[in-house]
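Q: Hey, got a minute to walk through this one with me? I'd like to start with the charged pairs and then move on to the fold.

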Amino acid sequence: MKNISEFRIIGRVGRIEILDKVAYLNVAANYGRKVDGEWCDDTHWNRVTLFGQCIERAQKMETGDLIHVTGRVRQTKYDRDGETVYGVDLICDGLAVLASRSGSTDDRSSG
């Protein structure tokens, strides 16, 4: 039996940072919550790590595009100055634009 740890985010593109063989994509997802009896948006920013074809797809995206991103969750740990630092990486396996920032449906990428 295969054990898995996956994620799925539908949200808006924030910053796209493309380096040599890796890229980082910030995606904002909004959740509704009540504050003093009133509903408001609670925005959560997610930093997704991209490799290979996912980088090529991200290069076609613009800030504000509505996207669907899926992938795997990887936990990390390392030592820094004698302290153990823990982290969680979201590694992209699939990436698609659902609508451009202007609100229209778009097919600039697939995944």
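Q: Which side chain does Asp89 meet in a salt bridge?

A: Arg74: the side chains of Asp89 and Arg74 meet at 3.2 Å, N to O. Keep in mind that this is a predicted model.

Q: Ok, and which strands does that pair tie together?

A: Asp89 is in strand 5 and Arg74 is in strand 4, so the salt bridge links parts that are 15 residues apart in sequence. Asp89 is partly exposed, at 22% relative accessible area, and Arg74 is partly exposed too, at 38%.

Q: Where does 22% sit relative to the buried cut-off?

A: Buried means under 20%, so Asp89 at 22% falls in the partly exposed class.

Q: How many salt bridges turn up in the whole structure?

A: Six. One of them joins Asp93 and Arg72, at 3.9 Å from N to O. Asp93 lies in strand 5 and Arg72 in strand 4, so that pair ties together parts 21 residues apart in sequence. Arg72 has a relative accessible area of 39%, which counts as partly exposed.

Q: What about Glu17, which side chain does that one meet?

A: Arg47, in a salt bridge of 3.9 Å, N to O. Glu17 belongs to strand 1 and Arg47 to strand 3, so the pair connects parts 30 residues apart in sequence. Glu17 is partly exposed at 23%, and Arg47 is partly exposed at 47%.

Q: Which residues do the shared partners join into one network?

A: Arg15, Glu17 and Arg47, through salt bridges that share partners.

Q: Switching topic. What's the overall fold, in terms of helices and strands?

A: One helix and five strands. Along the sequence the pattern reads β-β-β-α-β-β. The five strands make a closed barrel in the order 1-2-3-5-4, with mixed pairing, and the twist from one strand to the next averages 50°.

Q: Mixed, huh. Which way do strand 3 and strand 5 run, parallel or antiparallel?

A: Parallel, and two bridges join them. Thr49, for instance, has Ile91 in strand 5 as its bridge partner.

Q: And strand 4 with strand 5, parallel or antiparallel?

A: Antiparallel, over 15 bridges. Val69 stands opposite Leu95 of strand 5. Strand 4 and strand 5 form a hairpin with two residues between them, and Asp81 in that turn has a positive phi of about 55°.

Q: How many bridges are there between strand 1 and strand 4?

A: Seven, with the strands paired in the antiparallel sense. Gly11 has Ile67 in strand 4 as a bridge partner.

Q: Now the inside. Which residues touch the most other members of the largest nonpolar core?

A: Ile9, Val48, Leu50, Ile67 and Leu95, out of 19 residues in that core. The elements giving two or more residues to this core are strands 1, 2, 3, 4 and 5, plus helix 1, which covers 53–58.

Q: Say I zoom in on Val48. What is in contact with Val48, leaving aside neighbours within four places in sequence?

A: Phe7, Ile9, Ala23, Tyr24, Leu25, Val27, Val69, Leu90 and Cys92.

Q: Is there a general reason why nonpolar side chains end up together?

A: In soluble globular proteins, nonpolar side chains tend to be buried together.

Q: What fraction of the chain counts as buried?

A: 31% of the 111 residues. The accessible surface of the chain is about 7,800 Å², and 44% of that belongs to carbon and sulfur atoms.

Q: How much of the contact map comes from residues 24 or more positions apart?

A: 55% of the contacts with a separation of 6 or more.

Q: And what box do the C-alpha atoms fill?

A: Roughly 50 × 45 × 35 Å, along the principal axes.

Q: Last one: where is Tyr78?

A: In strand 4. Tyr78 is partly exposed, at 40% relative accessibility. Not counting residues up to four places away in sequence, Tyr78 touches Glu83, Thr84 and Val85.

Q: What separates the C-alpha atoms of Tyr78 and Trp39?

A: 40 Å, for two residues that sit 39 apart along the chain.

Technical notes: Residues are numbered from 1 along each chain as its sequence is written. This is a predicted model: local features need pLDDT of at least 70, side-chain atom pairs count only at pLDDT 80 or more; totals for chains, interfaces and linings use all residues. Side-chain values use heavy atoms; hydrogens and water are left out. A nonpolar core is a set of buried Ala, Val, Leu, Ile, Met, Phe, Trp, Tyr and Cys residues joined through side-chain atoms within 4.5 Å. Buried means under 20% relative accessible area, exposed over 50%, partly exposed in between (1.4 Å probe, protein chains only). Helices (H or I, at least four residues) and strands (E, at least two) are DSSP runs, numbered from the N terminus. Contact means heavy atoms within 4.5 Å. Two strands pair if DSSP finds at least two bridges between them. A salt bridge is a side-chain nitrogen of Lys or Arg within 4 Å of a carboxyl oxygen of Asp or Glu. Axes are lines fitted to C-alpha atoms, for helices over the stretch in contact, and angles run from 0 to 180 degrees between N-to-C directions. Accessible areas come from the Shrake-Rupley method with a 1.4 Å probe; for residues, only the protein chains shown count as cover.
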